[in-house]
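Q: I would like a close look at one part of this assembly, set in the context of what lies around it. Please take the time to go through the details in a connected way.

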Amino acid sequence: MSDTLLQVSGVSKCFGKARVLDNVDFSVARGEVVCVIGPSGCGKSTLLRCINYLIEPDAGTIRVNGAYVGREPDMSGRMRRQKASALDRVRPRVGFVFQQFHLWPHLKVIDNITRGPIKVRRVVRAKAEADALRLLERFGLTEKAHTYPSELSGGQKQRVAIARALAMEPDLVLFDEPTSALDPEIVSQVLLLMRELATSGMTMVVGTHEIGFARQVADRVVFIDGGRIVEQGPPDELIERPKHERLRLFLRSIDSRGEAASASR
Amino acid sequence: MDLDGAVFLDAFPRLVVAAGSNLKIAMISILFALIGGTALTLLRTVRWKPLSRVIGIVIGFIRGTPILVQIFLFYYGLPVLHIDLAPITAGICAIAFNSTIFITEIMRAGLAGMDPGPIEAAIALGLRKRVIWTHVVLPQLYIRILPPLVNEMTVIVKATTLLSVITVVEVLRTAQQIGNTAFRPLEPILAAAAVLFIVNFTISRGGRLIESRLANRRG
Amino acid sequence: MAFDVTVITDNWALFARGAAVTLLVASTSVVIAFALAVPLALMALSRRRLLRWSAAIYLESFRNLPFIVVLYIFFYGLPMLQWQLPETAIGIIALSCFASSYLSEIVRGAILSVPAGQMEAARAVGMSYVRGMWEIVAPQTLKFLIPPCTNTGISMLKETSVLSAITVGEITYQGLIVQGRTFAPFEVFLTTALLYWLMTSAFAALMGRAERSNGTSRSAGQTRRSLADQFLKIEV
C-alpha cells in the first residue's frame with residue numbers, strides 16, 4: 001500500500017452537459033512513469049487538473065501518498081470538502097507543469113523557482129537560491145538565472161517551469177502536454193530532461209501526444225477516450241498490440257505525425 | 001437614525017414632475033451636442049494647423065476643468081457680455097457645450113477604430129466626399145459609438161442636477177425646497193436620489209437593449 | 001472689456017488656500033477610494049453570491065447617481081448617525097465612496113486581464129488564494145491599472161468642485177467668494193478653471209511617466225496609410 005503514491009478513485013466531472021470524466025479509477029506506484037494518451041478533448045487535461053484540485057471533480061477521491069486531496073472523510077466517514085488551508089498544504093506534494101508554462105513574467109528566472117519554496121515551504125532565501133541554482137545547472141540554464149522569462153525561448157521556459165515544480169520537492173509531478181506548445185526542434189530538449197527525471201526515480205504522470213516518448217520512458221501507458229480509461233498497460237503491448245478499436249484508430253492517426261517527428265529526432 | 005417615511009413618500013409626486021425638467025434639459029442638451037459634435041468632428045478633419053491648435057486648446061480646457069466651473073462661466077459671465085439668458089438657458093448652453101466636446105472625442109475614438117475597407121471601396125467607386133460621410137462613415141460610426149453615447153446621456157442627466165446651484169428648478173432644488181419647508185432635509189433628497197436612480201438605470205439598460213438589437217449591423 | 005488682473009492678484013491668498021484644500025481633498029480621497037475599491041473588486045469576482053450581490057448593489061447605487069446628490073445624502077445623513085464631522089471630512093468620505101464604485105470596476109477589469117494560468121501556476125505550487133493574489137496577480141495588474149486610473153483621478157479632481165455646495169473651502173468655493181466681492185466673473189472663473197486645468201494636466205503628465213517606467217509599450221500605431229485616412233484620422 002505504501003508503494004501506491006497516487007490513488008484516483010471514481011473521479012467524474014461534467015462541464016455543463018458534457019461529461020468530461022466518467023468514473024475514472026487509476027493509481028500510480030512510487031517511481032512509476034505513466035503516460036496518458038488520447039484524442040483532444042478526451043479528458044486528459046481535466047484529469048490532471050483534478051489530481052491537484054485545480055479543477056474540482058463532481059465526484060471521487062484523490063489521495064497522494066495517503067493524504068487526501070480536495071475532499072477528505074470527516075469523523076463520520078462522509079467525504080467533505082477540505083478547508084482551503086488544508087488543500088494548500090497538500091498541493092505542494094504534487095508538481096504541475098503546464099502546456100503554456102505560465103511562468104511569472106514579472107519575476108526573474110531564479111525568483112520564479114524560489115518564490116514557492118520561500119513563501120510556501122518557508123525555506124530560507126539563501127538555501128532556496130542555492131537549490132535553485134543547482135537545478136538550473138542540472139538543466140543547463142545557469143547563465144539564465146537572472147533573466148526574465150520574456151527573454152527565454154519556449155524550450156528554456158518549459159525547463160524553468162519544470163525546475164519551478166521540482167523546487168517544491170514534490171512526491172510526484174504531473175505534466176499537461178508539456179511539449180505541445182513548443183517548436184518541433186525544441187521538443188526533444190524538454191523530453192530529454194523529462195527522461196532524465198524519470199530515470200532518477202521521480203514519479204510522473206504525463207499527458208502527451210509524444211508516443212515515442214511514451215514508448216521509451218513510460219512504465220505504463222493509459223489510453224483515455226470520452227472521459228474513460230479504455231485501455232492501459234506496458235507501452236510496447238499497448239502500442240504494438242492495441243486491443244481496442246478506438247485505440248487502434250487513435251494510434252493510426254498519430255502514426256502519420258509521429259513517424260515524421262521521430263525520424264527527425 | 002429616524003427617518004420620516006411620510007416626508008419621503010409625499011415628496012415623490014412633486015419630484016417626479018421636477019425630474020421632467022431634468023429630462024427636458026438633458027434631451028435638448030444632447031440634441032445640440034450631437035449636432036455640434038458631428039459638425040465639430042467634420043471640422044477637425046480639415047488639416048489646417050492653426051485651426052487644429054485652437055480646437056485642441058478648447059478641448060483641453062473643457063476636458064481639464066470641472067463642469068460646475070463651466071456652468072458658472074456661462075451663468076455669471078454671459079450677462080457681462082450683455083447676453084442676458086434665463087438660468088435654465090445658460091445651464092443648457094453650458095451642458096450642451098461640454099457635451100459637444102466629449103462627443104467629438106467619442107467620435108474621434110470611434111473613427112480611429114473603424115475598418116477602412118468599406119470606405120476605400122466607396123472612394124474606389126467614385127463616390128463624393130459628402131456622400132461617403134453621410135452614407136458610409138456616419139451611419140457606421142453612430143452604431144459603433146452607441147455605448148459611450150448612452151453613457152454620455154447618463155452623464156448629462158447627472159449634470160442637470162448641478163443646475164440647482166444656479167437656481168434652476170429641477171429635481172434636486174425641488175427636493176431642497178421640500179426639505180426646507182418640512183425641516184427634514186434628508187428624506188426628500190433620498191426620494192430625489194431614488195427618482196434619479198430609476199431614470200439613469202432605465203437609460204443605461206435601454207441603451208444596452210438597443211445596442212444588442214443593432215449588434216449585427218456593426219462593422 | 002478689459003481683463004482686470006488686480007482681481008486675481010488682490011485675492012491670490014484665497015485662490016491659494018482653495019488650491020491647497022482641493023489638493024488635500026483629492027489626494028486623500030484617491031487613497032481611501034482605492035483602499036475601498038480593491039476589496040469591492042474581489043467581492044465582485046467572488047464565487048459567493050452574497051458577496052457578488054452586495055458589491056453589485058453598492059456599485060449600481062453610486063453609478064446611477066450624480067455626485068452632488070450623493071454628497072447631500074452624506075451631508076445630511078451622517079449627522080443623523082450621530083457623526084458630527086466638519087464639511088471637509090464629509091466631502092472626503094462622500095467622494096471616496098463615490099469614486100470607489102468606479103475604481104472597483106477598473107480594478108476588477110485589471111485582475112481579469114491577468115491570464116488565468118498565472119494564478120493556476122501559483123496554486124499549483126501551493127500558494128493560497130491570498131498569497132497568489134498578492135505575489136503573482138497584483139503586480140501584473142499595474143500596467144492595466146495606470147491608464148484608466150489616470151482618467152478616474154482627473155475626474156475626481158474635477159468632482160471636488162462640487163464640494164463647494166457644502167461650503168468646503170476648495171477652489172470653486174473661493175472663486176464664488178471672490179466673485180461675490182468683485183463681480184468679475186470672467187477673471188474669477190477663468191482663473192479658477194485654469195487652476196484646475198493646471199492640476200489635471202500635471203497629474204496626467206505624472207501618470208504618463210509612471211506608465212512609461214512601468215514598461216507599457218505604447219503600440220506603435222499602424223503606419224499603414226490608407227485612402228480612408230482622410231475620413232478616419234483626426235489630428236489630436
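The account that follows starts with chain C and then turns to chains B and A.

A: The model is predicted, and every value below is computed from it. A good place to begin is the boundary with chain B, where 34 residues of chain C are in contact with 41 residues of chain B. On the chain C side, the elements that contribute two or more residues to this boundary are α4 (67–80), α8 (171–182), α9 (185–213) and α10 (229–232). The largest share, nine residues, comes from α9(C). Sorted by class, the residues on this side of chain C comprise 22 nonpolar, 10 polar and two charged.

The boundary with chain A involves 16 residues of chain C, which are in contact with 19 residues of chain A. Here the elements of chain C that give two or more residues are α6 (116–124) and α7 (129–159). The chain C residues that touch chain A divide into seven nonpolar, five polar and four charged.

Within chain C, one helix pair can be described in detail. Two packed helices are described by the angle between their axes and the distance between the axes. For α3 (residues 49–63) and α5 (residues 87–113) of chain C, the axes come within 9 Å and cross at roughly 115°, and the crossing is left-handed. From α3(C), the residues C:Y58, C:L59, C:F62 and C:R63 meet C:C97, C:F98, C:S101, C:S104 and C:E105 of α5(C). This contact is made up of five nonpolar, two polar and two charged residues.

Chain C also takes part in the largest nonpolar core, which has 119 residues. The residues with the most contacts inside this core are C:I68, C:V69 and C:L71 from chain C, together with B:L15, B:V171, B:A175 and B:A192 from chain B. Leaving aside residues up to four places away in sequence, C:L71 touches C:G91, C:A94, C:V162, C:L163, C:A165 and C:I166. A second, separate core of 79 residues includes A:C50, A:L136, A:V205 and A:V222. As background, in soluble globular proteins nonpolar side chains tend to be buried together.

Turning to chain B, this partner has nine helices and zero strands, and its C-alpha atoms fill a box of roughly 70 × 45 × 25 Å along the principal axes. Of its 219 residues, 42% count as buried. Among contacts in chain B with a separation of 6 or more, 79% are made by residues 24 or more positions apart. One residue of chain B with an unusual backbone setting is B:F183, found in the loop between α8 (171–182) and α9 (186–213) of that chain; its phi is near 60°, a positive value in a residue other than glycine. Most residues other than glycine have a negative phi. B:F183 is exposed, because 8 other C-beta atoms lie within 10 Å, where 12 or fewer is the limit for that class.

Chain A, the other partner, contains an open sheet of six strands in the order β8-β9-β10-β3-β11-β12, with mixed pairing. At its edges stand β8 (94–97) and β12 (228–233), each with a single partner strand, so one side of each is left without a neighbour in the sheet. The twist from one strand to the next averages 20°. The strands β8(A) and β9(A) (residues 172–176) run parallel and are joined by four bridges, and A:V97 has A:F175 in β9(A) as its bridge partner.

Also in chain A, seven of the eight residues of helix α1 (residues 44–51) are buried, so this helix is largely enclosed by the rest of the structure. The buried residues are A:K44, A:T46, A:L47, A:L48, A:R49, A:C50 and A:I51, and A:C50 is also included in the second core. After α1(A) comes A:Y53, whose phi is positive, near 60°. A positive phi is likewise found at A:N65, near 55°, and A:N65 lies in the loop between β4 (59–64) and β5 (67–68) of chain A. With 16 C-beta neighbours inside 10 Å, A:N65 counts as partly exposed.

Note on methods
Residues are numbered from 1 along each chain as its sequence is written. Chains are lettered from A and ligands numbered from 1 in the order in which they are written. This is a predicted model: local features need pLDDT of at least 70, side-chain atom pairs count only at pLDDT 80 or more; totals for chains, interfaces and linings use all residues. A residue is buried if 20 or more other C-beta atoms lie within 10 Å of its own, exposed if 12 or fewer, and partly exposed in between; C-beta atoms are placed from the backbone. Two residues are in contact if their C-beta atoms, placed from the backbone, lie within 7 Å. A nonpolar core is a set of buried Ala, Val, Leu, Ile, Met, Phe, Trp, Tyr and Cys residues joined through C-beta atoms within 7 Å. Ala, Val, Leu, Ile, Met, Phe, Trp, Tyr, Cys and Pro count as nonpolar, Asp, Glu, Lys and Arg as charged, and the others, Gly among them, as polar. Two strands pair if DSSP finds at least two bridges between them. Axes are lines fitted to C-alpha atoms, for helices over the stretch in contact, and angles run from 0 to 180 degrees between N-to-C directions. A crossing is left-handed if the near helix is turned anticlockwise from the far one by less than a right angle, and right-handed if clockwise.
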